[in-house]
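Got the viewer open? Grab the mouse and follow along, one selection at a time.

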Amino acid sequence: MTGVPASASGGSPGAHSASDRAADGVPEVSGPAALAPDARPLRGGKIAAAAVNQASVWNVANLLTMLRLVLVPGFVVLMLEDGGYDPAWRSFAWAAFAVAMITDLFDGHLARTYNLVTDFGKIADPIADKAIMGAALICLSSLGDLPWWVTVVILGRELGITLMRFVVIRYGVIPASRGGKLKTLTQGIAVGMYVLALTGWLATLRFWVMAAAVILTVVTGLDYVRQAIVLRRRGIAERAAALEEQEA
């Protein structure tokens, strides 16, 4: 800094400020755009920003969710191939179901760990979870391998709790409990064992694993209902207290 005004040093204020901008890393704009005091950002910048936002949807977590959605119709075809009782086709169906359940374990973890959470993932992930489990249960019941009441209890609980979460979300979020995670794991193991054409003691074992899954499904469902009631009451009380403070 020399202390000499720009006009005295032979340069115009506009030229001096342009050089300052160049020194600060800001690109110099010449022509009519430089004379406009409130020139708008370049259109290309908006397009680039939109492209970045759009590309964020195609992250590894969302791709795993999409894979799980694609596996649903493939699983159904494999499960019902050749009348639904061929051990080889049932093994292929089990492989598709296993891949879907494994991706379910990783996509949410990846999204939270690496900040890959998107609106698409929030909507598609629970849909994919319910779709693969619902497809497996309905196929098993339609083939006579699993009683329909088991399918109704599990799917009714899953859909009911999902809807309940949306209803009470204005008051807060119900976090996933350890019991809920254990329920999901037990359901996956039990349904996977039923997808396979097991016989002997393994067929007996899968009956008891499914029984444990049904019990966990009902118990954790009732616990979520209790949490939702408490959360709603607390939210209503907090809103009422806030209104009283505003009126006072």
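Keep in mind that this is a predicted model.

**The whole chain.** Start in cartoon view. You should see nine helices and zero strands, so to speak an α-α-α-α-α-α-α-α-α run from one end of the sequence to the other. Of the 248 residues, 31% count as buried.

**Helix H6.** Select residues 119-142, which make up helix H6. Put a distance label between its end C-alpha atoms and you get 35 Å; at 1.5 Å a residue, the 24 residues should span 34 Å, so the two values agree. Now look just past the helix: H6 is followed by glycine 144, with a positive phi near 85°.

**Arginine 68 and its partners.** The structure holds seven salt bridges, and a good place to begin is arginine 68. Show its side chain together with aspartate 125: the two meet in a salt bridge, 2.7 Å from N to O. Aspartate 125 belongs to helix H6 and arginine 68 to helix H4, so this pair ties together parts that are 57 residues apart in sequence.

Is arginine 68 buried or exposed? Its relative accessibility is 0%, so arginine 68 counts as buried.

Next add aspartate 129. Arginine 68 makes a salt bridge with that side chain too, at 2.8 Å from N to O. Here again distant parts of the chain are linked, with arginine 68 in helix H4 and aspartate 129 in helix H6, 61 residues apart. Aspartate 129 is buried, as is arginine 68.

**Arginine 90 and aspartate 145.** Move on to another salt bridge, between the side chains of arginine 90 and aspartate 145 (2.8 Å, N to O). Arginine 90 sits in helix H5, while aspartate 145 is in the loop between H6 and helix H7 (148-168), 55 residues apart. Switch on a surface to compare the two ends: arginine 90 is buried at a relative accessible area of 4%, whereas aspartate 145 is partly exposed at 25%. Before leaving the charges, select Arg68, Asp104, Asp125 and Asp129 together, since salt bridges with shared partners join these four into one network.

**Aromatic pairs.** Which kinds of ring contact turn up? A search of the whole structure finds three aromatic pairs. One of them is phenylalanine 75 with phenylalanine 97, a tilted pair with 6.0 Å centre to centre and 45° between the planes. Phenylalanine 75 lies in helix H4 (residues 60-80) and phenylalanine 97 in helix H5 (residues 87-113), so the pair ties together parts 22 residues apart in sequence. Both phenylalanine 75 and phenylalanine 97 are buried.

Now jump to phenylalanine 207 and tryptophan 208. These rings pair edge-to-face, 5.2 Å centre to centre and with 80° between the planes. Phenylalanine 207 counts as partly exposed at 45% relative accessibility, and tryptophan 208 is exposed at 57%.

**Charges over rings.** Select arginine 206 with tyrosine 194: the charged end of the arginine sits over the tyrosine ring, 4.5 Å from its centre. Then try arginine 165, which lies over the face of tyrosine 224 at 4.9 Å from the ring centre.

**Last stop, the surface.** Colour Leu69, Ile123 and Ile127, which make a nonpolar surface patch of about 270 Å². Isoleucine 127 takes you back to helix H6, and at 48% relative accessibility this residue counts as partly exposed.

Methods: Residues numbered from 1 in each chain as written. Predicted model: local features only at pLDDT ≥ 70, side-chain atom pairs only at ≥ 80, totals over all residues. Heavy atoms only, no water. Phe/Tyr/Trp six-rings, centres within 6.5 Å; stacked < 30°, edge-to-face > 60°. Helix = DSSP H or I, 4+ residues; strand = E, 2+ residues; numbered from the N terminus. Buried < 20%, exposed > 50% of the residue type's maximum accessible area, 1.4 Å probe, protein only. Lys NZ or Arg CZ within 6 Å of the ring centre and 35° of its normal. Expected span 1.5 Å × (residues − 1). Patch = residues over 30% accessible without salt bridge, like charges linked within 9 Å, V, L, I, M, F, W, Y side chains within 5 Å. Areas by Shrake-Rupley, 256 points an atom, 1.4 Å probe, with all protein chains shown as cover.
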